[in-house]
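Work through the exercises below with the coordinates open, and try each task before reading its solution.

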Amino acid sequence: MTSTLDSGRDEARNNGTGGGAGRPVPHVRAAVIGTGFSGLGTAIRLLQEGVDDFLVFERADEVGGTWRDNSYPGCACDVMSLLYSFSFAQNPNWKTTFGKQAEVFAYLRDCADRFGVRPHIRFGHDLLAARWDDLRRLWHIETSQGAYTAQILITGTGYLSEPMIPSLPGLETFQGKVFHSAGWDHDYDLAGKRVAVIGTGASAIQFVPKIQPKVAQLDLYQRTAPWVAPKADKTITAGQFWMRRKVPGYQNFRRNFNMWGREVLAFMLARPKVVEKTIQGMASKHLVKSIQDPELRARLTPDYAAGCKRLLFSNEYYPALCQPNVELVTNGISRVEAGSIITADGSVREVDAIIFGTGFRATDRPVAHRIWGRDGLQLADAWRDTMSAYVGTTIAGFPNLFMLLGPNTTLGHSSQTVMIEAQIAYVVDALKQMGKRGLASVEVRPEVQTAYNKRLDTRLEGTVWNAGNCRSWYLDDKGRNPSIWPTYTWRFRSQTKRFDMRSYQLATSVGAGVPAGAAAANP
């Protein structure tokens, strides 16, 4: 089966430059990086459109992305499972309201099998470099297993792919066990150990309650207290299973009801005073109900508006902190020694293992250091001042590059799968339009990208995400927010429903450019 997305395939194949020992470099219409929700979703939609001239490069030996890599105890989703899944691959078999890691991982593996994606995946192929060739209008791609070329480069590496480990003086001298929650060492037995957990983010509040009963002592190092709300997680009843499997449209209705209901949260989070009376009030009541000790409660009370940092959900976190073998440490770490951690007040705590729950490099995307666009410009250099893109997907100076979950696509109120599917629709339509018009490349115009981001910055003003007294991973080191999508998801879905050619510089052949002019998407 072929489609307009495959137009020009034969001409493109002739662009291979030749590999080692005189072998031609394999060429594809599209190269996809990563096999998490973004990469798999893209591959599935391409196949559904009748396109098979693509490869998916995965550095690991299995699909799954962050749900493959994060297997720490208690790992689970904090978005309703019916919504945290593909609309075109709904699963009636979720066991609980919020999917656990093993379930989500299994779901992604099933999608890869069910939709026939695996033959297109090249496992063990880590992206080393991707360089744009302006003469031939294609990407030269270096992987750990060899070279390829592609007309289109689609990155699905997201923003939760590279763990962030803080620089602690003396950490290299520590003689105990050290690992990050994203690389959990299941072979290390925590029973009876003295464990230091550094960080109190989304991962830590899930694994701390799971390891607390096993360890002799757990010292939890908190820099900033998170807002934690109760989690309405329930086991799916037999009746619900029957409804989801047997009643046509029921599961889709529930999914859409949850998606549209969450848009109310976008309204609230854009208005800090509303948040204070609603979401923050709910989280405050949860804290008061869970923590009886007034001194501990005071140290667990955030000093910023709920939602500025990621809002967390747990029914087990606060009770775990009340146990006699847990100490909440709020003094900063001064240094690490061979078998201890010393804090700024001079206290010394003996420790056998250090576990980092410190999140990911969200505003310093590692993939940006591996992509070079027009005139040899590295994406990391293009983003030296701040990350930016057009509709979170395309970047001036980087023709035929489509980034899923790029800048300002992170959600504080709904499921990332909603944004991913919207971006995939945009990319697929771009390929269709390129095929119909015989285009060699498309590149967003710089002035369009600049104007779009100015509108985003304006929308972010006055929201909880840009609150002046809050420092979150949403912000870069200059204080700009290149992460959050600051309004309703329906706005994003509307502006990415069709590929807007007028916002792009178009090239129909080598060296040719056709400026399209006119209006661009308005966030």
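The exercises that follow treat a sheet, two helices, the nonpolar cores, one strand residue and the cysteines.

This is a predicted model, in which local features need pLDDT of at least 70 and side-chain atom pairs count only at pLDDT 80 or more, whereas totals for chains, interfaces and linings use all residues. Residues are numbered from 1 along each chain as its sequence is written, and side-chain values use heavy atoms, with hydrogens and water left out.

**Exercise 1.** Determine the strand order of the open sheet of five strands, and state which strands stand at its edges.

Solution. Begin with the strands, which are DSSP runs of E with at least two residues, numbered from the N terminus, as are helices (H or I, at least four residues). Two strands pair if DSSP finds at least two bridges between them, and on this basis the order is β7-β16-β8-β9-β12, with parallel pairing. Next, β7 (177-180) and β12 (326-329) each have a single partner strand, so one side of each lacks a neighbour in the sheet. For a pair inside this order, take β8 (residues 194-198) and β16 (residues 353-356), which are joined by four bridges, with A196 opposite I354. Finally, helix α5 (residues 204-211) packs on the sheet and touches β8, β9 (217-221) and β16, its direction making about 170 degrees with that of β8; such angles run from 0 to 180 degrees between N-to-C directions, with axes fitted to C-alpha atoms, for helices over the stretch in contact.

**Exercise 2.** Compare the end-to-end distances of α4 and α14 with their expected spans.

Solution. The expected span is 1.5 Å times one less than the number of residues. Helix α4 (residues 101-114) has 14 residues and reaches 20 Å between its first and last C-alpha atoms, close to the expected 20 Å. For α14, with 22 residues, the expected span is 32 Å and the end C-alpha atoms are 32 Å apart, so the two values agree. Beyond each helix, a glycine with a positive phi follows: G116 at about 70 degrees just after α4, and G438 at about 65 degrees just after α14.

**Exercise 3.** Which residues touch the most other members of the largest nonpolar core, and which helix gives the most to this core?

Solution. A nonpolar core is a set of buried Ala, Val, Leu, Ile, Met, Phe, Trp, Tyr and Cys residues joined through side-chain atoms within 4.5 Å, where buried means under 20% relative accessible area, exposed over 50%, and partly exposed in between (1.4 Å probe, protein chains only). Of the 92 residues in the largest core, F37, V197, F207, V208, I211 and I355 touch the most other members. Helix α14 (residues 416-437) gives the most, with 11 residues, and 18 of its 22 residues are buried. A second, separate core of 25 residues includes I141, A150, L153 and V367.

**Exercise 4.** Describe the surroundings of T155.

Solution. T155 lies in strand β6 (residues 146-155), and its relative accessible area of 0% means that T155 is buried. Leaving aside neighbours within four places in sequence, T155 is in contact (heavy atoms within 4.5 Å) with residues including I33, V367 and I371.

**Exercise 5.** How many disulfides does a search of the whole structure find?

Solution. A disulfide requires a pair of cysteine sulfur atoms within 2.5 Å, and the search finds zero. For C77, the nearest cysteine sulfur, that of C75, is 9.0 Å away. C77 is buried because its relative accessible area is 5%, whereas C322, at 39%, is partly exposed.
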